[in-house]
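Work through the exercises below with the structure in view, and try each task before reading its solution.

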Amino acid sequence: MADLQALAEAVIKGNQAESVRLTQEALDEGIGPRQVLEEGLIAGMGVVGVRFKANEVYIPEVLISARAMKMAMEILEPQLAAAGVQPLGTALVGTVQGDLHDIGKNLVVMMLKGAGFRVEDIGVDVAPDVFVDKIKAGGYKIVGLSALLTTTMPAMDKTVTAIREAQLDCRIMIGGAPVTRQYAEKIGADGYAADAASAVDVAKSFLN
Ligand code: B1M
């Protein structure tokens, strides 16, 4: 019989083959895709997020777990769509204009996906008007801005201002090594996250 706890463990260990096998087994046995997602994959990535925040695991382990989850999601996604299962929320995430760093941003994207959000990653060096256009086109309610350079932090300010001026109904969180909660408050962002796991907590708080 399919074991969703074992599936969660496979994701935690980053075991791709086992994650895929157990996902397929669960679906074959008639377990609903939402249950497989929530009690298997999201449960596993949730543990990885908690351990990452506590410095019990590091970036490579998170990436390996995220890869295992991604492989399993390839099987699960069509079933979720067919069952009409909605994502937890939708988010648009990118690195701001002038900044090419994407490793942290990619982790944020992976953790959000791991928590059940549908995420569009718009890459690096993203101009404020591109954020605005993408939010309009996708109707995103959550927007994430990343910056790794002190010299590109002002681009966060410009992006937040552009989104506010366009009167878009979304909540903005910012993060990245030089960014602080004080800076987020100063530029009028709705939230700040120090790491990728905390970004999930902030995104979830935006849903309320
Ligand atoms: Co650059 N770089 N870099 N670099 N680089 C730093 C950031 C730097 C601190 C190195 C140093 O001087 N000690 C320094 C910035 C100094 C400053 O501004 N204070 C710096 C510099 C100066 C530069 C260049 C200007 C160098 C040059 O060309 N003279 C240049 C700028 C290019 C540009 O962007 N226009 C440059 C280039 C590069 C590379 C291309 C070579 C490469 C980037 C490759 C890539 O990203 N694909 C690179 C790298 C790798 C680094 C370091 C070594 C590592 C950054 C990283 O990936 N960290 C970095 C020094 C360091 O940090 N030790 C450095 C790992 C990553 C997981 O952490 O991104 O902080 P981080 O993400 C964390 C959190 O911050 C948070 O969650 C993540 C995971 O927990 N987080 C968010 C991030 N985004 C978030 C968004 C959120 C929430 C949380 O909500 C949306």
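**Exercise 1.** Find how many Å separate the centres of domain 1 and domain 2, and how many residues each gives to the contact.

*Solution.* Taken over C-alpha atoms, the centres of domain 1 and domain 2 are 25 Å apart. The contact, meaning heavy atoms within 4.5 Å, takes ten residues from domain 1 and twelve residues from domain 2. As for the bounds, which come from an automatic or database domain assignment, domain 1 covers 4–82 and domain 2 covers 90–207.

This is a predicted model, in which local features need pLDDT of at least 70 and side-chain atom pairs count only at pLDDT 80 or more, while totals for chains, interfaces and linings use all residues. Residues are numbered from 1 along each chain as its sequence is written, and side-chain values use heavy atoms, with hydrogens and water left out.

**Exercise 2.** Identify the side chains that meet in a salt bridge 2.5 Å long, N to O, and place them in the chain.

*Solution.* Start from the rule, which asks for a side-chain nitrogen of Lys or Arg within 4 Å of a carboxyl oxygen of Asp or Glu. The count by this rule comes to eight salt bridges, and one is found across the interface of domain 1 and domain 2. Next, the side chains of Lys53 and Asp201 meet at 2.5 Å, N to O. Lys53 lies in helix α3 and Asp201 in helix α9 (residues 196–207), so numbered from the N terminus as DSSP runs of H or I with at least four residues, and the pair is 148 residues apart.

**Exercise 3.** Name the single protein donor of the ligand's cobalt atom.

*Solution.* Donors here are N, O and S atoms within 2.8 Å of the metal (3.2 Å for Na, K and Ca). The single donor from the protein is His101, through NE2, 2.2 Å away.

Terms used
Helices (H or I, at least four residues) and strands (E, at least two) are DSSP runs, numbered from the N terminus.
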